Amino acid sequence: MNITFVIDSYNDANGGTIATKRLIEELRNRGHKVSIVTAIHEDPSDPDFYQVPGFVLPGTEASLENMKFLFGRNDRQVYERAMKDADIVQVQFPFLMARGAVKTAKRLGKPVVGAFHVQPQNIMAAMGKTSKRLEWTIWFFFKYFLFNRVDTITTPSRFAVELLESQGIIADMFPISNGIPVEYMPGEFERPELFGDHLVLLNIGRHAYEKRQLLLMEGVKRSKYADKIKLILAGRGERTGEMKEKAKELPLEPFIGYITAEEKLHYLNTADLFLHGSIVELESLSCLEAIGCGLPCLVSDSDYSAASQFALDDKFLFTSDDPNHLAERLDYWYEHRVELRGAEMKKRVLDEAAQYRFEKAVDDYETFIKNVVTPPAVKRIPSVAIRKPDADKKANRL
């Protein structure tokens with residue numbers, strides 16, 4: 001099949017771009033022709049790359065420069081060349097270029113599908129602002145640029161479906177997981193010397209406000225076992241310097257910095273618990289990678305995050321932005337670390353991971369697009385079996 005993806009930046013800027021890259025690479029491996037319309041492509045020699053001009057929103061320059069992300073501008077001639085032979089057009093982000101891409105696809109008579117990979121809170125965090133009025137404004141533009149212009153939208157979780165529905169969006173929506181990348185599997189690794197005999201908490205991701213690494217550090221600080229907890233904050237970003245200052249308050253110095261892909265896989269297979277405090281997630285690639293290796297996740301119960309779907313039970317949830325409750329959870333798991341490290345726990349996590357494996361996710365996407373290209377079957381596609389988080393699933397005190 002010939003598929004055209006429209007995405008502002010095609011690189012490792014964020015979870016949405018990384019997930020798109022992995023999907024496109026696998027679709028190409030399976031024999032599909034995939035064209036990419038974008039402002040940034042990490043491999044400009046790609047013969048199916050169509051470039052549009054890019055720009056940065058005022059107020060987000062520092063954050064977006066760190067993320068290597070540009071918004072795309074509309075270019076009808078580029079769209080027409082990229083979509084000329086397409087069987088289907090997929091628009092990944094609800095930004096400025098989405099409106100022109102949808103209009104061009106419809107004018108050419110191409111089926112066009114939207115995707116939901118970014119929330120208003122992601123944009124607000126990059127701007128360093130919190131405001132209900134600003135949130136409403138961003139939703140308005142998301143709907144204007146994309147969500148009210150397409151009949152079909154893919155989402156990475158049922159949580160994301162419910163979020164769109166809460167905004168009055170009436171398109172047909174289909175939850176298809178981004179999937180656990182194939183390399184994230186359980187393996188035999190020796191526990192790193194860095195870990196010692198401590199309870200090792202692993203967090204992986206961009207060092208940014210919405211990821212709440214500072215909150216995680218405060219939770220560890222307030223634990224009565226703080227001197228026995230090793231915190232690994234792998235990544236880098238605009239808050240790395242602030243985090244290193246905060247680290248001086250902890251009795252056991254945390255690791256803060258970049259790790260290689262090999263180290264990442266090693267740590268995911270040898271840490272005791274994956275710690276995830278982000279308040280904005282439509283699925284959570286980092287949690288997917290963790291459970292793929294059999295590592296249980298302790299996650300925030302944020303109203304703006306789907307990550308609670310990865311909590312095995314209530315003991316793996318903590319109240320969002322509450323360092324005292326996080327400390328209680330850490331105390332509990334330090335006292336139950338034998339259970340945490342046991343074979344039964346790992347089996348529970350891997351059983352949960354089975355439904356999110358990457359091969360299944362791409363199978364689901366292939367089935368989905370084939371039905372979009374031959375409507376009206378799209379109206380009858382069964383939803384992908386992704387566990388739906390309880391609407392009122394909140395962490396309870398021990």
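This report covers a parallel sheet, a helix packed on it, the internal cavities and some loop residues.

The model is predicted: local features need pLDDT of at least 70, side-chain atom pairs count only at pLDDT 80 or more, and totals for chains, interfaces and linings use all residues. Residues are numbered from 1 along each chain as its sequence is written, and side-chain values use heavy atoms, with hydrogens and water left out.

## The sheet

Helices (H or I, at least four residues) and strands (E, at least two) are DSSP runs, numbered from the N terminus. Two strands pair if DSSP finds at least two bridges between them. Strands of a sheet pair through backbone hydrogen bonds, either parallel or antiparallel.

Here six strands form an open sheet with parallel pairing, in the order S14-S13-S12-S15-S16-S17. Strand S14 (255-257) and strand S17 (317-318) stand at the edges. Each has a single partner strand, so one side of each is left without a neighbour in the sheet.

Some of the pairings can be followed bridge by bridge. S12 and S13 run parallel and are joined by six bridges. Ile 204 has Ala 234 in S13 as its bridge partner. S13 and S14 also run parallel, with three bridges between them. Ile 232 is bridged to Phe 255 in S14. S15 and S16 pair in the parallel sense over three bridges. Phe 274 has Cys 297 in S16 as its bridge partner.

How is S12 placed, covered or open? It is mostly covered, with six of its six residues buried. Buried means under 20% relative accessible area, exposed over 50%, and partly exposed in between (1.4 Å probe, protein chains only). Leu 199, Leu 201 and Asn 203 are buried on one side of S12, and Val 200, Leu 202 and Ile 204 are buried on the other.

Strand S16 (residues 297-300) has buried residues pointing both ways. Cys 297 and Val 299 point one way, Leu 298 and Ser 300 the other.

## Helix H10

Helix H10 (residues 261-268) has Lys 264, Tyr 267 and Leu 268 buried. Seen down the axis of H10, these buried residues fall within an arc of 95°, so they line one face of the helix. The arc is that of the directions from the helix axis to the C-beta atoms.

What do the buried residues of H10 pack against? Their partners are strand S12 (199-204), strand S13 (229-234), strand S15 (273-276) and helix H11 (285-292). Contact means heavy atoms within 4.5 Å.

## Cavities

Rolling a probe the size of a water molecule over the atoms shows where empty space is left. On a 1 Å grid over the protein atoms alone, a cavity is a set of points where a 1.4 Å probe fits but cannot get out; lining residues have an atom within 4 Å of a point. Grid points are joined across faces, edges and corners, and a volume is the space filled by probe spheres set on the points.

The count comes to two cavities of 30 Å³ or more. The largest cavity has a volume of about 200 Å³. It is lined by 17 residues, and the closest to its centre are Leu 23, Ile 176, Ser 177, Asn 178 and Tyr 365. Helix H1 (15-29), strand S10 (152-155) and helix H15 (358-373) each give two or more residues to this lining. H15 supplies the largest share, four residues.

By class, the lining has nine nonpolar, eight polar and no charged residues. Ala, Val, Leu, Ile, Met, Phe, Trp, Tyr, Cys and Pro count as nonpolar, Asp, Glu, Lys and Arg as charged, and the others, Gly among them, as polar.

## Loop residues

Four loop residues are set out below.

| Residue | Loop between | Relative accessible area |
|---|---|---|
| Gly 196 | strand S11 (172-175) and S12 | 32%, partly exposed |
| Ser 284 | S15 and H11 | 3%, buried |
| Asp 321 | S17 and helix H12 (323-335) | 41%, partly exposed |
| Thr 130 | helix H5 (120-127) and helix H6 (132-147) | 62%, exposed |

Most residues other than glycine have a negative phi. Ser 284 has a positive phi, near 105°. Asp 321 has a positive phi too, near 60°.

Thr 130 is in contact with Met 124 and Tyr 209, leaving aside its neighbours within four places in sequence. Thr 130 and Ala 290 are 160 residues apart in sequence and 30 Å apart in space, C-alpha to C-alpha. Gly 196 and Asp 12 are 184 residues apart along the chain, and their C-alpha atoms are separated by 32 Å.

Note on methods: On a 1 Å grid over the protein atoms alone, a cavity is a set of points where a 1.4 Å probe fits but cannot get out, and a pocket is an open set with protein on both sides within 12 Å along at least five of seven lines; lining residues have an atom within 4 Å of a point.
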